[in-house]
Structure formats: C-alpha cells, structure tokens
Amino acid sequence: MQQDVEEIVAGSGSTFRAGMRVLPAPRRRAILAVYAFCRVVDDVVDGPAPLSERRAGIEAWEAELARTRAGHPETPVGREIALAARAYALPHEEFELVLDGMRMDLDGMVAPSQEVLDAYIRRVAGAVGILSMHVFGAWRGEPSRRFALSLAEALQLTNILRDIEEDAGLGRLYLPAELLDELGIPPSPEAVLSAPALPELRRRLAAR
C-alpha cells in the first residue's frame, strides 16, 4: 500500500500517462491518483496471494478510503486522492464502488446474469468515468453522468471482448449468461474458448 503514485503509474506499462499529458498539471496529478488507486486494487485482486489475503487487501483499502474521507490518509495514494477530492469535488462513494467491483471479482465472475454484469460495469468502469469527468472539469450534472456511464460501459464491454482468453486463464467469464444460453455456449471459461458460436456472441456484444 505504500507505493507512491508515480511509481505505480510508471510500473503499470500503460499508455494512460502519455494520454494525460494534455491536462494542466493539477488535473493531471489528480487523474493519476485515480488511476493509481484503480491499479493497486486491481493488482490486489489479480495477484497470486491466497484468496483470504486478497480479501484482506481490499478491506485494507476500504479502511484507507475511510481515513482519506476523514482527512487523515496514511498512504501516498490516499494522500493524493484526498488532495484531488478537495480540489475537484470527487465523490468518495465512487471510489468505494470500485472496491465493491473488486469484491465481485473475488467472489467469482463466471457467466453472470446481465443484471449482475451491469452492476459490475457500473462499479469498475462507471465509477471511474464519473471521477474522470470531475477531474477533467467536464461535470455538468445528469447529462455528464449519463455520458460517463455510457462511455464506461462501451469501454468495459470492449475490454471483456478483447480479454476473453486472458480472463479464462484466471477462471473468469464475464460474458452474460443469457447470451451464452441463447447461443448454446456452455457457461464455463474453458468451454467458451472453443465454442463454434463464440464469433457470433462477440458480434452481438460488440453491437451493444
């Protein structure tokens, strides 16, 4: 938990940092704090530690979020989030929703219902979209909320379509159960990879 934001972002191998160079320095610092938080909690969930330790890691970040909200964070990332939240009115509950999404992964995401998948996307992607809109100075209330959630859904579904094989290796399958059933694809990470109807499923989800 004690890595600083710059170390986390630099070590992620992501092009995210390059894209954020267009922002003024204070907003860039804030969005990197949001990214670093998402990166570290995602690494907790996807790490090699036993499940009990990964759950404890998420609980530790929940405690840090509570301290951050109260004004006395203990980690470098928490301190950066506190600064960003004050500067750009970031809703703390959106950070908490990200953790709720991480818990859904820990509980096992295998062929969720469409309703569960929508809830997951709202947490892991929609929350980040809303936080980003605040940081970018683009928040205009309900129209901004609808835009952020719609774009976040599109991006998360794209990730799901792109990472079917990688997710299967982690024992996960984010494709909705209703669509799998409609196309006669068994709801298991292993079976879906060789399913003849997988290209059609990809097409339908991409159309959404």
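**Pocket, cavity and helix packing**

Analyst: About 1,300 Å³ of space lies in the largest pocket of this predicted model.

User: Which residues lie nearest the centre of the largest pocket, and how many residues line it?

Analyst: The lining holds 38 residues, and those nearest the centre are Tyr35, Val124, Val128, Gln156 and Asn159. Two or more lining residues come from each of α3 (25-46), α6, α7, α8 (142-162) and α9 (164-169), and among these elements α8 gives the most, with 10 residues. Divided by class, the lining has 23 nonpolar, 5 polar and 10 charged residues.

User: What makes a space a cavity and not a pocket?

Analyst: A cavity is a set of points where a 1.4 Å probe fits but cannot get out, whereas a pocket is an open set. A search of the whole structure, counting spaces of 30 Å³ or more, finds 1 cavity, and the volume of the largest cavity is about 40 Å³.

User: How do you know which residues of the largest cavity's lining are nonpolar and which are charged?

Analyst: The lining consists of Ile160, Asp163, Ile164, Asp167, Arg172, Leu173, Tyr174 and Leu175. Because Ile, Leu and Tyr count as nonpolar while Asp and Arg count as charged, the lining divides into 5 nonpolar, no polar and 3 charged residues.

User: Why are α3 and α4 called roughly antiparallel to each other?

Analyst: α3 and helix α4 (residues 51-70) pack at an angle of about 155 degrees, and their axes are 8 Å apart. Angles over 145 degrees count as roughly antiparallel, and α3 and α4 are therefore placed in that class. At their contact, Phe37, Val40, Val41, Val44 and Val45 of α3 meet Arg54, Gly57, Ile58, Trp61 and Leu65 of α4. Sorted by class, this contact has 8 nonpolar, 1 polar and 1 charged residues, and Gly57 is the polar one because Gly counts as polar.

User: Why is α7 called oblique to α8?

Analyst: The axes of α7 and α8 come within 8 Å and cross at roughly 125 degrees. Since roughly perpendicular covers 65 to 115 degrees and roughly antiparallel begins over 145, the angle of roughly 125 degrees belongs to neither class, and this makes α7 oblique to α8. Their crossing is right-handed. Among the residues that make the contact are Leu117, Tyr120, Val124, Gly126 and Gly129 of α7, along with Ser144, Phe147, Ala152, Gln156 and Ile160 of α8; by class, the whole contact has 13 nonpolar, 4 polar and 4 charged residues.

User: Where do helices α6 and α7 lie in the sequence, and at what angle do they cross?

Analyst: Helix α6 (residues 92-107) and helix α7 (residues 114-136) have axes that come within 8 Å and cross at roughly 145 degrees, and the crossing is left-handed. The contact includes Phe95, Leu97, Val98, Gly101 and Met102 of α6, and Val116, Tyr120, Ala127, Ile130 and Leu131 of α7. Its residues divide into 12 nonpolar, 1 polar and 5 charged.

How values were computed. Residues numbered from 1 in each chain as written. Predicted model: local features only at pLDDT ≥ 70, side-chain atom pairs only at ≥ 80, totals over all residues. Heavy atoms only, no water. 1 Å grid on protein atoms, 1.4 Å probe; cavity = no way out; pocket = protein on both sides within 12 Å on 5 of 7 lines; lining within 4 Å. Points joined across faces, edges and corners; volume = space filled by probe spheres on them. Axes fitted to C-alpha atoms, helices over the stretch in contact; angles between N-to-C directions. Helix = DSSP H or I, 4+ residues; strand = E, 2+ residues; numbered from the N terminus. Left-handed = near helix turned anticlockwise from the far one by under 90°. Contact = heavy atoms within 4.5 Å. Parallel < 35°, antiparallel > 145°, perpendicular 65-115°, else oblique.
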